[in-house]
Amino acid sequence: MSVKSHSNGALTARHDFACTLAQKVGLQALRYWNEQGVEGLGTEVKGLQDFVTKADKDAEHTIRTELADMFPEDGFIGEESGGEVASGGYWVVDPIDGTSNYLRGLRHWGVSIAYVEDGEAQVGVIHDTPTDRIYSAMRGFGAKRDGSDISVSRTSDPTMAMGIVGASRRAPFDLYLRQLQALYNDGIEHRKIGAAAIGIVRVAEGVADFYYEKHLNSWDALAALLIAEEAGAKVVTPPMDEFVPNGGEVLCSTPALSARLERILLNET
Ligand code: IPD
Ligand code: CA
Ligand code: CA
């Protein structure tokens, strides 16, 4: 059994604090959208089809400040304000995953907070803001939705399977098309919902059978992947020392379909 740097009590404190914080900033972002409407969100363009709003920045600022006050020894990496891998424990945060959906009022977005220690995510929290639900996990203690256990689907027949496939301009579009074709040829259905963290918790709760994306950043995925893993999913990512700084290919699936999906999807170029 590995010896953790922090006791379960210290991890529970981080888990509980992150749950409260994620819900608070998620609901703040929702209120801001309701008050400002689409035109008033202070949207800036970071790149082609890549946006940031005042709500993303405010949410990250609140998360960063409150975590630093509560756990001053912890490091921090956030999508909007950056940061580096710390030698002790550190947080990896996406203040709003699914910003394009958020700014248009599409109901797939949320707040993602992971805590990493000893080379692994130890705590993962997602606030699915439009439904005001908290998905969370501590490594080794199962996955929860609003405090109740959740688990992955039992789908094993590919012709009954439905997954979520994400794509961004960080990966080649022709590969995405070929992968969708390969899934289709196997009888597998797919959706694209524009929020990786939310897609991955859909796998954790058994609503979808898998989530795949050629490139995700660590802040998109770490929290949700721990929740999915604790709910029984098979998760494939690059090693943490590559994944945290650079991101990479992510597949998370119900175990009965994982070998088939790995064969169809992984390591294609
Ligand atoms: C994006 C969303 C999207 C995924 C992209 C992510 P953002 O995050 O999760 O679904 O396909 O790869 O970058 O920009 O909304 O935080
Ligand atoms: Ca994201
Ligand atoms: Ca984001």
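Which residues are the protein donors of the calcium ion (ligand 2)? They are Asp94 (OD), Asp97 (OD) and Asp220 (OD), and the legends below start from this site.

This is a predicted model, in which local features need pLDDT of at least 70, side-chain atom pairs count only at pLDDT 80 or more, and totals for chains, interfaces and linings use all residues. Residues are numbered from 1 along each chain as its sequence is written, chains are lettered from A and ligands numbered from 1 in the order in which they are written, and side-chain values use heavy atoms, with hydrogens and water left out.

**View 1. The calcium ion (ligand 2) and its protein donors.** Asp94, Asp97 and Asp220 each give an OD donor, lying 2.1 to 2.3 Å from the ion. Donors here are N, O and S atoms within 2.8 Å of the metal (3.2 Å for Na, K and Ca); water is not among the atoms, so sites may look incomplete. Along the sequence the donor residues have the spacing D-x2-D-x122-D. Asp97 is buried, at a relative accessible area of 5%. Buried means under 20% relative accessible area, exposed over 50%, and partly exposed in between (1.4 Å probe, protein chains only).

**View 2. The calcium ion (ligand 3) and the bridging residue Asp94.** The protein donors of this ion are Glu79 (OE), Asp94 (OD) and Ile96 (O), at 2.2 to 2.3 Å. Their spacing along the chain is E-x14-D-x1-I. Asp94 coordinates both this ion and the calcium ion (ligand 2), and the two ions are 3.7 Å apart. Asp94 has 1% relative accessibility and therefore counts as buried. Ile96 is buried too, as is Asp94.

**View 3. The surroundings of Thr99 in helix H3.** Helix H3 covers residues 99-104. Helices (H or I, at least four residues) and strands (E, at least two) are DSSP runs, numbered from the N terminus. The relative accessibility of Thr99 is 10%, so Thr99 counts as buried. Leaving aside neighbours within four places in sequence, Thr99 is in contact with Phe51, Val52, Thr53 and Asp56. Contact means heavy atoms within 4.5 Å.

**View 4. Cys19 in helix H1 and the residues it touches.** Helix H1 spans residues 8-36. Cys19 is buried, with 13% relative accessible area. Not counting residues up to four places away in sequence, Cys19 touches Val125, Ile134 and Ser136. Cys19 and Ile134 are 115 residues apart along the chain, and their C-alpha atoms are separated by 6.8 Å.

**View 5. Ala171 in the loop between strand S11 and helix H4.** Strand S11 is formed by residues 162-165 and helix H4 by residues 173-185. Ala171 has 19% relative accessibility and so counts as buried. Leu216 is 45 residues from Ala171 in sequence, and the two lie 9.5 Å apart in space, C-alpha to C-alpha.

**View 6. Two loop residues with positive phi, Gln49 and Asp146.** Most residues other than glycine have a negative phi. Gln49 has a phi near 55° and lies in the loop between strand S1 (44-47) and strand S2 (50-52). The relative accessibility of Gln49 is 55%, so this residue counts as exposed. Asp146, which is not a glycine either, has a phi of about 45°. Asp146 lies in the loop between strand S9 (143-145) and strand S10 (148-149). With a relative accessible area of 47%, Asp146 is partly exposed.

**View 7. The chain that holds these sites, with eight helices and 15 strands.** The radius of gyration is 18 Å, close to the 18 Å that the globule rule gives for 269 residues, so the chain is as compact as a globular protein of that length. This radius is taken over C-alpha atoms, and the rule is 2.2 Å times the number of residues to the power 0.38. Along the principal axes, the C-alpha atoms fill a box of roughly 50 × 50 × 35 Å. Buried residues make up 51% of the 269 residues. Of the contacts with a separation of 6 or more, 63% are between residues 24 or more positions apart.
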